[in-house]
Amino acid sequence: MQEESDLDFAIELTELVMDVLDNFKKENPVPQDFLKRKEYGKSADKYSHNFLMKEFAKYRPNDVVLSEEGLDPKERLSAQRCWIIDPLDGTFYFANNRKDYAIHIALWEKESNDLSNISFAVVGIPETKKIYTSNDNRSEEHTSELQSH
């Protein structure tokens with residue numbers, strides 16, 4: 001993953017995290033007790049977060065990562081690059097066996113040509129195995145080749 005473009009890296013990470021969440025659900029079925037589902041969702045969110053943070057540390061060690069599930073890294077304020085992630089958007093939906101949850105990965109770059117400084121964003125929908133990207137204000141759809149195990 002080290003030599004690939006940032007967009008390809010984000011797409012591959014999204015594919016991997018979709019698989020990680022699928023495996024999480026297989027190894028830890030959704031609790032029948034509704035009162036336990038909130039904690040279940042938090043556990044899945046943290047699990048996804050930890051996986052992504054390890055991958056960023058390994059393959060993009062000089063980049064800052066701002067995660068919805070992590071602490072706000074103050075170095076992002078002076079960074080040239082900052083990944084912005086939501087490791088499991090729709091935790092409630094995931095924890096209640098619904099299909100409308102996603103993974104979000106975006107790259108902010110100080111020197112980006114985009115007005116928002118977001119170079120691209122990637123959204124993965126695990127239940128459909130689809131990945132959507134925005135690049136140069138065009139939307140592209142990538143169908144993941146991941147198979148259910």
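**Two asparagines, a buried lysine and a nonpolar core**

Asparagine 117 sits in the loop that links S3 and S4. In this predicted model, asparagine 117 has a positive phi of about 70°, although it is not a glycine. Its relative accessible area is 19%, so asparagine 117 counts as buried, the limit for that label being under 20%.

A second asparagine makes a helpful companion. Asparagine 97 is placed in the loop between H3 and S3, and its phi, near 60°, is again a positive value in a residue other than glycine. With a relative accessible area of 51%, asparagine 97 is exposed, because exposed residues are those over 50%.

Asparagine 97 also leads to the next residue of interest, since it appears among the contacts of lysine 25. Lysine 25 belongs to helix H1, which covers residues 6-27. Is this lysine buried or exposed? Its relative accessibility is 16%, so lysine 25 counts as buried. Leaving aside residues up to four places away in sequence, lysine 25 touches Val30, Tyr40, Phe94, Asn97, Arg98, Tyr101 and Glu127. With Phe94 there is a further detail: the side chain of lysine 25 reaches the backbone oxygen of phenylalanine 94 at 3.4 Å.

Phenylalanine 94 turns up once more in the largest nonpolar core, which has 28 residues. Which members touch the most other members of this core? They are Phe56, Trp83, Phe94 and Ile105. Two or more residues come from each of H1, helix H2 (37-59), strand S2 (81-89), helix H3 (91-95), strand S3 (102-109) and strand S4 (118-125). H1 gives the most, with 9 residues. As for phenylalanine 56, its contacts beyond four places in sequence are Phe9, Leu13, Pro61, Val65, Trp83, Ile85 and Ile105.

Two of these elements, H1 and H2, can be followed as a pair. Packed helices are described by the angle and the distance between their axes. The axes of H1 and H2 come within 10 Å and cross at roughly 145°, and the crossing is right-handed. On the H1 side, the residues that meet H2 are Phe9, Leu13, Leu16, Val17, Val20, Leu21, Phe24 and Lys25. Their partners in H2 are Tyr40, Ser43, Ala44, Tyr47, Ser48, Phe51, Leu52, Glu55, Phe56 and Tyr59. Sorted by character, the residues of this contact comprise 14 nonpolar, 2 polar and 2 charged. Both lysine 25 and phenylalanine 56 thus take part in the meeting of H1 with H2.

Terms used. Residues are numbered from 1 along each chain as its sequence is written. This is a predicted model: local features need pLDDT of at least 70, side-chain atom pairs count only at pLDDT 80 or more; totals for chains, interfaces and linings use all residues. Side-chain values use heavy atoms; hydrogens and water are left out. Helices (H or I, at least four residues) and strands (E, at least two) are DSSP runs, numbered from the N terminus. Buried means under 20% relative accessible area, exposed over 50%, partly exposed in between (1.4 Å probe, protein chains only). A polar contact is a pair of N or O atoms within 3.5 Å; within protein, one must be able to donate a hydrogen and the other to accept it, and residues adjacent in sequence count only if both atoms are side-chain atoms. Contact means heavy atoms within 4.5 Å. A nonpolar core is a set of buried Ala, Val, Leu, Ile, Met, Phe, Trp, Tyr and Cys residues joined through side-chain atoms within 4.5 Å. Axes are lines fitted to C-alpha atoms, for helices over the stretch in contact, and angles run from 0 to 180 degrees between N-to-C directions. A crossing is left-handed if the near helix is turned anticlockwise from the far one by less than a right angle, and right-handed if clockwise. Ala, Val, Leu, Ile, Met, Phe, Trp, Tyr, Cys and Pro count as nonpolar, Asp, Glu, Lys and Arg as charged, and the others, Gly among them, as polar.
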